Amino acid sequence: MTEEKRVLAFDFGASSGRAVIGRFDGRSIHMEEVHRFANDPVMVRGTMYWDILRLFHEIKQGMIKAHLAGSFTSVGIDTWGVDFGLLDEQGYLLENPVHYRDARTSGMVEEALHCISREELYHLTGNQIMPINTLFQLLSLKQQRPEMLARARTLLFMPDLMNYFLSGVRKAEYSIATTSQMLDAREKSWSRRVLEALGLPVDILPELVPTATRIGKLDAALCEELGLETASVVAVAGHDTQSAMAAVPTEQEKFLFLSCGTWSLLGTELSEPVINEASAQANITNEGGYGGKASFLKNIIGLWLIQECRRQWQREGREYSFGELEQLAKAAEPFRSFIHPDAPEFVPSGNMPERIRAYCRRTGQPVPDSIGAVVRCIDESLAMRYRQAALELEACLGRAYPCLHMIGGGIQSQLLCQMTADACARPVLAGPVEATVLGNITLQLLSTGAIGSLREARQIIKASEGIRTYQPEQAERWQAEYQRWEEITSC
């Protein structure tokens with residue numbers, strides 16, 4: 001009889017975090033959420049921060065609850081990409097890490113391109129050039145707060161920083177490092193050319209370790225404080241997208257996937273990065289994952305649009321669940337108004353419904369006049385953007401994909417799944433919802449040898465999770481509307 005393996009996964013999303021025990025009996029993975037907590041950024045005198053000490057307190061509470069529920073042998077942490085903390089010479093955190101939605105990177109892309117061309121920057125890093133990337137956050141520090149950068153001795157990305165709090169080990173996990181625009185995509189090492197071109201320090205960047213590396217143990221003092229047994233700290237795919245990638249339930253080597261959450265990531269898994277004129281023109285990113293593989297991805301603003309609308313309606317005293325918003329959208333008139341989800345005005349937090357109405361006024365469209373109309377406008381526009389990204393990716397690779405694997409929390413919206421199938425004119429295979437946590441757990445199991453390979457892990461997930469298929473139902477209508485969406489959003 002196979003001994004049950006128990007690991008603890010921490011997953012940090014845009015507004016909440018959770019601690020989940022993963023149990024593997026040799027055949028299937030079972031999950032038990034033991035702790036959930038808020039992960040809201042905090043604005044202080046015009047700067048938006050991660051509330052890192054509160055979050056570490058919640059990690060402690062999650063570990064205590066997991067221990068009481070039956071203990072665990074390892075811990076893994078995933079977050080979104082690009083953000084980081086800085087340590088001084090003694091290993092103390094210099095300040096709370098700044099959130100990527102902070103305004104400090106405004107104008108930094110243009111500043112960087114005075115020092116290195118867009119073509120060379122993309123050719124070296126393979127990263128989609130976005131103002132939120134770590135490179136531009138560091139450049140803002142150099143220009144706006146050079147004294148802070150001068151005191152820094154180590155940069156740690158958010159999951160690496162939390163791993164340091166747990167173990168005292170300072171390492172940079174590969175997948176999270178590839179979101180930074182500071183890594184040479186082909187050499188899989190820090191790019192001195194990029195950093196030196198911008199006058200940024202190279203020596204603050206720690207040693208890179210492969211995804212799913214056991215980097216150390218829980219600190220003895222921490223175990224004593226919390227009454228825990230010792231456990232390994234595993235550098236899983238610290239970037240949540242790459243943890244989710246590990247959980248795509250496919251047996252095919254060539255597949256198209258859409259990780260649908262606060263951000264939407266549409267792409268595929270390759271043995272090597274693809275960096276060419278077509279991918280540069282389409283601004284497609286190359287990120288690293290388990291086994292040194294490359295994820296060829298398009299970053300798209302996702303459910304952030306609906307989340308931020310919901311927050312605005314709550315501020316106005318109108319409470320709606322996501323399920324209620326979906327029903328209102330379903331009842332609204334189709335194809336009335338469109339937006340480009342990635343338009344710059346939709347990136348910051350604030351009054352999202354009004355921004356959407358302003359976009360529609362500016363582009364000469366009917367203005368969404370109800371909550372259902374606003375949500376339908378978002379859903380239809382996201383589905384159109386998914387189609388566009390899929391076509392761009394296929395053009396870069398010279399390959400067509402017969403179906404789309406859709407994973408993550410967004411698949412709880414059956415309306416969005418069906419719209420995506422119709423817009424992309426191909427079946428959507430939806431599931432699992434908990435892809436990021438499943439991938440985090442899977443990578444911990446891979447690090448111990450409890451699961452032998454990523455292929456085996458995906459087979460286990462496919463057998464364990466319910467996968468729902470959505471067939472295109474109105475592909476011709478969506479094709480016609482897609483042409484109109486392109487015309488409107490290209491203005």
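**Close-up views of a predicted model**

**View 1. Leu 404 has Val 428 of strand S20 as its bridge partner.** The model shown here and in the other views is predicted. Strand S20 covers residues 428–430. Its neighbour S19 runs parallel to S20, and three bridges join the two strands.

**View 2. Strand S15 pairs with strand S19 through three bridges.** S15 is formed by residues 257–260 and runs parallel to S19. Within this pair, Leu 258 lies opposite Met 406 of S19. S19 is thus a shared element of two views: three bridges link it to S15, and three bridges link it to S20.

**View 3. Strand S19, residues 404–407, is covered on both faces.** Leu 404 and Met 406 point to one side of the strand, and His 405 and Ile 407 to the other. These four residues are all buried. Two of them return from the views above: Leu 404 is the bridge partner of Val 428, and Met 406 stands opposite Leu 258.

**View 4. Helix H6 spans residues 158–167 and is largely enclosed by the rest of the structure.** This description follows because nine of the ten residues of the helix are buried. The buried residues are Met 158, Pro 159, Asp 160, Leu 161, Met 162, Asn 163, Tyr 164, Leu 166 and Ser 167. Directly after the helix comes Gly 168, which has a positive phi of about 80 degrees.

**View 5. Asn 351 sits in the loop between helices H13 and H14.** Helix H13 comprises residues 322–331, and helix H14 comprises residues 352–362. Asn 351 has a relative accessible area of 29% and is therefore partly exposed, a class that lies between the buried cut-off of under 20% and the exposed cut-off of over 50%. Val 374 is 23 residues away from Asn 351 along the chain, and the C-alpha atoms of the two residues are 12 Å apart.

**View 6. The whole chain, for orientation, contains 19 helices and 21 strands.** Its C-alpha atoms fill a box of roughly 60 × 60 × 50 Å along the principal axes. The radius of gyration is 22 Å, which agrees with the value near 23 Å for a compact globule of 491 residues. Of the 491 residues, 60% are buried. Among contacts between residues at least 6 apart in sequence, 72% join residues at least 24 apart. The chain exposes about 19300 Å², and carbon and sulfur atoms supply 48% of this area. There are 49 positive and 61 negative charges, and their mean positions lie 1 Å apart.

Key
Residues are numbered from 1 along each chain as its sequence is written. This is a predicted model: local features need pLDDT of at least 70, side-chain atom pairs count only at pLDDT 80 or more; totals for chains, interfaces and linings use all residues. Side-chain values use heavy atoms; hydrogens and water are left out. The radius of gyration is taken over C-alpha atoms; the globule rule is 2.2 Å times the number of residues to the power 0.38. Buried means under 20% relative accessible area, exposed over 50%, partly exposed in between (1.4 Å probe, protein chains only). Contact means heavy atoms within 4.5 Å. Accessible areas come from the Shrake-Rupley method with a 1.4 Å probe; for residues, only the protein chains shown count as cover. Lys and Arg count as positive and Asp and Glu as negative; His and the chain ends are not counted. The place of a charge is taken as NZ of Lys, CZ of Arg, CG of Asp or CD of Glu. Two strands pair if DSSP finds at least two bridges between them.
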